[in-house]
Amino acid sequence: ATISIYVKPGKHHRGIGTEMMKAGEMWLREKRPSIRRIVATVRKDNAVSMKLFSKAGFRPVISIFSKAL
């Protein structure tokens, strides 16, 4: 499963993202028990999201390189 969480600017650091993450994981466990992995794509410059996913037990598994033309 792919996860995407958006918390409105100005609402960070209130636990909103953490609660959304927990609710999503609980829903998956209850409704889709065959799903065994959650994947998140986070921009390298998004420190808030990096911290959220790291604290939730997510670990980096791939690096994606990009070049503007």
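This is a short talk on one predicted protein model, going from its overall layout to its core, its salt bridges and its surface.

Okay, hi everyone. Before anything else, keep in mind that what you see above is a predicted model. How confident was the predictor? The mean pLDDT of the protein is 93, and 100% of its residues reach 70 or more. If we go element by element, strand β1, which is residues 2-3, has the lowest mean pLDDT at 92, while helix α1 has the highest at 95.

Let's start with the layout. Which elements do we have? There are 2 helices and 2 strands, and if you walk along the sequence you meet them in the pattern β-α-β-α. Helix α1 covers residues 16-31, and α2 covers 47-55. Put a box around the C-alpha atoms, along the principal axes, and you get roughly 45 × 30 × 20 Å.

Now, contacts. Take the contacts with a separation of 6 or more: residues 24 or more positions apart account for 54% of them. Keep that in mind when you scroll along the sequence, and look at the 3D view as well.

Next, the inside. How much of the protein counts as buried? Of its 69 residues, 16% do. As a bit of background, nonpolar side chains in soluble globular proteins tend to be buried together. Here, the largest nonpolar core has 7 residues: I3, I5, V7, M21, L52, F53 and F58. Try picking those out in the structure, and you'll see which parts of the sequence they come from.

I'd like to stay with one of these core residues, F58. What does F58 touch, once we skip its neighbours within four places in sequence? The list is I3, M21, E25, I38, A40 and F53. Notice that I3, M21 and F53 are core members too. But there's also a glutamate in that list of contacts, E25, and that one deserves a closer look.

So, E25. This residue sits in helix α1. Is E25 buried or exposed? With a relative accessible area of 18%, E25 is buried, because the cut-off for buried is under 20%. Apart from residues up to four places away in sequence, E25 touches I38 and F58. And E25 has a charged partner as well: it forms a salt bridge with R29, where the closest N and O atoms are 3.7 Å apart.

Why can two side chains like that pair up at all? Side chains of opposite charge can pair when their charged atoms come close. In this case E25 and R29 are 4 residues apart in helix α1, about one turn of the helix. What I like is the contrast in this pair: E25 is buried, whereas R29, at 62% relative accessibility, counts as exposed. One more distance for R29: from its C-alpha to that of A56 is 15 Å in space, with their positions 27 residues apart in sequence.

How many salt bridges are there in the structure? There are 3. Another one joins the side chains of K22 and E19, at 3.9 Å from N to O. Both of these residues are in helix α1 too, 3 residues apart, again about one turn of the helix. K22 is partly exposed, with a relative accessible area of 49%; the line for exposed is over 50%, so K22 falls just on the other side of it.

The remaining bridge is between R43 and D45, whose side chains meet at 3.1 Å, N to O. Are these two buried or exposed? R43 is exposed at 61%, and D45 is exposed at 56%.

Last stop, the outside. The protein exposes about 6400 Å², and carbon and sulfur atoms supply 56% of that. There's a nonpolar surface patch, too. Which residues make it? V61, I62 and I64 do, and the patch is about 400 Å². I62 and I64 are both found in the segment after α2. I64 counts as exposed at 70% relative accessibility, and I62 is exposed as well, at 65%.

One more distance for I62: its C-alpha atom is separated from that of H12 by 26 Å, and the two are 50 residues apart along the chain.

To wrap up, go back to the picture and find F58 in the core, then E25 with its partner R29, then the patch of V61, I62 and I64. Thanks, and I'm happy to take questions!

Technical notes. Residues numbered from 1 in each chain as written. Predicted model: local features only at pLDDT ≥ 70, side-chain atom pairs only at ≥ 80, totals over all residues. Heavy atoms only, no water. Core = buried A, V, L, I, M, F, W, Y, C linked by side-chain atoms within 4.5 Å. Buried < 20%, exposed > 50% of the residue type's maximum accessible area, 1.4 Å probe, protein only. Contact = heavy atoms within 4.5 Å. Salt bridge = Lys/Arg side-chain N within 4 Å of Asp/Glu carboxyl O. pLDDT = per-residue confidence, 0-100. Patch = residues over 30% accessible without salt bridge, like charges linked within 9 Å, V, L, I, M, F, W, Y side chains within 5 Å. Areas by Shrake-Rupley, 256 points an atom, 1.4 Å probe, with all protein chains shown as cover.
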